[in-house]
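Q: Hi! I'm new to this one and would love a quick tour. Can we put it up on screen?

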Amino acid sequence: MIDFSYTIWILLIPLIVFVVTGLTGNRFKPIVTGIIGTAGLGIVFLLSVITAYKFFFVLDKVDGAFQRLLAFNYTWLNLTDKLHINIGVLLDPISVMMLIVISTVSFMVHIYSLGYMKGEKGFARFFSILSLFSFSMLGLVIATNIFQMYIFWELVGVSSFLLIGFYYEKDSAVAASKKAFIVTRFADLGFLIGILVLSYTTGTFDFITLTGPNSPAFTSGQGIMFLGMSTMTWSMLFIFMGGAGKSAMFPLHIWLPDAMEGPTPVSALIHAATMVVAGVYLVARMFPIFHHEQSALEIVAWVGGFTSLFAAVIACTQYDIKRVLAYSTMSQIGLMMLALGVSGYGGEDGLGYMASMFHLFTHAFFKALLFLGAGAIIHAVHSNYMHEMGGLRKHLPITHATFLIACLAISGIPPFAGFFSKDEILVAAFHHNKALFAMEYLVAGMTAFYMFRLYFNVFWGKEQHYHHTPHEAPLTMTLPLIILAIGSTFAGFIPFTKLVTSDSLPFENNTEWGIAIPSILIALVGIGIATMLYMKKSDTSKKVSIALGGFYTAAFNKFYIDQVYLFITKKILFNYVSRPVAWFDRHIVDGTMNQIAFVTNVASDKIKGFQSGQLQQYALAFVSGVIGLALLFTYLWTN
Amino acid sequence: MLTLILILLPLLVAIGLFFIKNERWARNLALAAALIESGISIAALYTYFNFCHCQLLFRFEWLANYGISLKFGMDGLSMLMTLLTNFLVPVVIYSSFTQKVERASSFYSLIILMQAGLIGVFTAFDGMMFYIFWELTLIPAYFIAAYWGGENRIRITLKFFAYTFSGSLLMLVAIIYLYFHTPLPHSFDHIWLYASNLNPAEQVWVFLAFFLAFAIKIPIFPFHTWQPDTYVTAPYSGSMLLGGLMSKMGLFGMIRWMIPITYPVLNRTDGFFIIFPLIGIVYASLIAIRQDDLKRFVAYTSIAHLGLVAAGAMALNAQAMQGAMIQMVSHGINIVGLFIIIQYIESRTKTTSIAELQGIALKAPRLAVLFMIILLGSIALPLTNGFVGEFLILLGLFKYYWLYAAVAGLTVIFSVVYMLWMYQRVMLGNTNTVTESFTDLSWKEMIPLIAIVIMIFWIGIAPGMFMHLAENGVRQIIGVVR
């Protein structure tokens, strides 16, 4: 038996770094905070790699399956005799995989930020909160129970809020951070209700019990139906609501594009690679129960599928490069959700599950790379808009090369990472639901199109007039790009079917070329169209958008979802509900009470005459009055 | 004995303070007394945990013929509430040191008198003692608001007084009525009162009297209209005492007296009375969103938060009640923190209007961070003090009736909406003419806030001790109810 108890340090190190840097604040030179933070994450990264190696390759398997280990467990609260809240470390294939994803990307982002954030006023604050985020996110994935997950889930939300609003003197950033917090919190209300239902019906929070073969979730909460679904289905739907909020699934997605107001490294870490996949991870974590509640799983599949298409359409129309990437993230996460939704359980039936985790893994690399690349571009030209860019490939050779790799990876061109994982998703969808499968072919084409639209607009085409000649970023920024590019190239060869599967048992799987080849062709078509339209600046793209007419306008305006929300909150809630209620309180409730207490007014006139006297006397009189009154009452009533 | 000292010490100090002419001396003495009181509280806590889980009982037959005795003690509930009181009173006193206070000796004397009253309320195990101390707290509260208050103070304070006093008179009647239905020989002792023999109709009347008294004090919708005005008018120290501690008297009274005595009414009415605080949560949250005055804003958030606590207290199960106890402590700490911050803002900008403020964070990062932490506590973020209690209440309410939990759960989202929106408008963005010369907090100003922040994290991260105290107290109450 290998001792894994050291894994608690994966959690503690970023926490200590956060507390130390948070308290010392501006006492040191900012760069010291940056280096402490980066070093801390470096250690976490090493520990995660060691843990992964030991877990997957050294630890004995039980009946051929990977174990689920409680590496650390501490009872935080006893709610009732049976219901406890524990904080601990659960190691199983998905949590170990997530440790790798988070620590790698976070470490890269830390290094990158040393360069990117240089000279920012809040440099120390930035690194401090980045550590808080890493702590929360790591705590989320190694949670041993759903309650621990919820705790860290909320903390992740706060760190995200603090980082989106990093430039707090900027109104748009402040508004975006608030929006992100409120929308995800709204979703978390669902999550919380889901947890309440689940713990009430099963009597436990514990993942090992809940998702084990004899889970109480399979038996309890089945009998009572509400609106045609069992209690357990409802519970899963509520929990999925939480996941959908964090993972920006339609219609709770509106916060993610705005969240791009945060510094770009934050977008890469939180809003592309780690936090936004927490919802996917949550569904994967609870997968046996979701699988048992097929109607809930069906909803997961459709929400994921619809979001992936919806976001891809919008991504094709946006000009802000970070927003294109944000919608692309939504689309890819939709794919992961869809993969879980169409998955079965165990062996090859669990292909979708494996594919989802695989895609989560590869996506983290190439999407972080895309964002960090976008950061380097923005750093060079001081603009977010692709029509203010062009011809940058000469000025930013490293950024260009790594960005191209990421584009190829996300478009699903072999041998880059995205090809393998996306292919598995398509296969899983094909075996389960042909409509969703067809939708995903479409998404694949659009993904390739919008990525290369971005790529050509930025790196090719006519050179713009820049304020100063764009130059390549410093080594602290390019090094992470190169490392992530290596990851995006080779991550696809990791045999996920042997490592991360729904029942922890390895299975054999070969690429189904019958599905893969058309998908490559579709991607190539998408790239081809983008090449035609955008490699040289021309009017053709304008003409196409005009030809599409209303549909283009709607997509460009993100299908007006934001306006609908604004209408509901600002107009209806604030003006037509909140204001009248305030009026009602003042005039009706208070007014009625005043009428009832009419005597008060009369008495008030009398008391007004007293106010100039000695305070002490009145106090004394008052005390004796009250006590006297009490005694009088007792005397009168007893005799 | 410790219990008696806890009550007598502030009582004597309060009287002494009246006669001290030197104002500097007076306020330092007040602080010293409050700190000593905190020390005694900790000693009591130590005794409680290490020597006896008994109740540190003091008993003196005062009017034996009438069954009135000076019976004070500390079970888990009392312990929690006295700890809260003795933590907050020094904080309140210290935070007022940065302000100019006229007639300081009377002012601090009244605060310390208030402390005595509160401790009496929280430790009384005799119905008549409970009532006497309950009224005793009203005196300093009234005078603090009426003499040191702001605009319209007389009218508003009188409204406050009329409301709470009529509530308490009803309670007095109820207590005396109960007394005559206790087993012979009649007694005001809480065990006797719990055992009083009422028919269902009588129970309803007694329940209503108690409910009204407590609902006004907390306050619960629709008996809350005295509260926003009073919080706005009262001086900051007064608002802190009212919001942080006096409102807890009502909740405490519910748990200690109303529920064990008249729980059959709650059972028979199928949770009808929980609907009032539930309405209050939504209603007050909606109003809070629209408020422009910071103090009024805090007043409405308080109605919403305490609505949740009251709902939890009346759900008649151990989790919800335990959560209510924890949440009472948390709310007391957070609301005092919020008032201290508003006090600092007003003393610098001479305004409490949200619309006039902007961009303070740029000028005062320390204030911004401390404010943010207190705000996160108020919105019940995990690992801050608001979370555990809120979760327990929701869990308990869910057991009681799922729809109640769903409505109460709205607080999770509402609190974020109004709190963040307020914070955004006051603290973030660029500075304007009102805030451009805003200075950051001095160390002296930060001390009370740091104490509060420490409590926020303590209860949030390691709630074990508080949970233990709450559980211990709640078990007895639930034992009676079962």
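Q: Why is Cys316(A) in no bond with the closest cysteine sulfur?
A: The closest cysteine sulfur, in Cys407(A), is 13 Å away, so it is too far for a bond. A disulfide here needs a pair of cysteine sulfur atoms within 2.5 Å. Bear in mind that this is a predicted model, where local features need pLDDT of at least 70, side-chain atom pairs count only at pLDDT 80 or more, and totals for chains, interfaces and linings use all residues. Side-chain values use heavy atoms, without hydrogens and water, residues are numbered from 1 along each chain as its sequence is written, and chains are lettered from A and ligands numbered from 1 in the order written.

Q: And how many disulfides over all chains?
A: The count is 0.

Q: Is Cys316(A) buried or exposed? And Cys407(A)?
A: Cys316(A) is buried, at 14% relative accessible area, and Cys407(A) is buried too, at 0%. Buried means under 20%, exposed over 50%, and partly exposed in between (1.4 Å probe, protein chains only).

Q: New topic: how many residues does each chain bring to the contact?
A: Chain B brings 78 and chain A brings 72, with contact meaning heavy atoms within 4.5 Å.

Q: What area is buried there?
A: About 6800 Å², with carbon and sulfur atoms giving 79% of it. That is the accessible area (1.4 Å probe) that the two parts lose on being put together, summed over both.

Q: Which residues of chain B lose the most?
A: Arg290(B), Phe391(B) and Phe398(B), together 9% of what that side buries.

Q: How many salt bridges cross the interface?
A: The rule, a side-chain nitrogen of Lys or Arg within 4 Å of a carboxyl oxygen of Asp or Glu, finds 0 between chain B and chain A.
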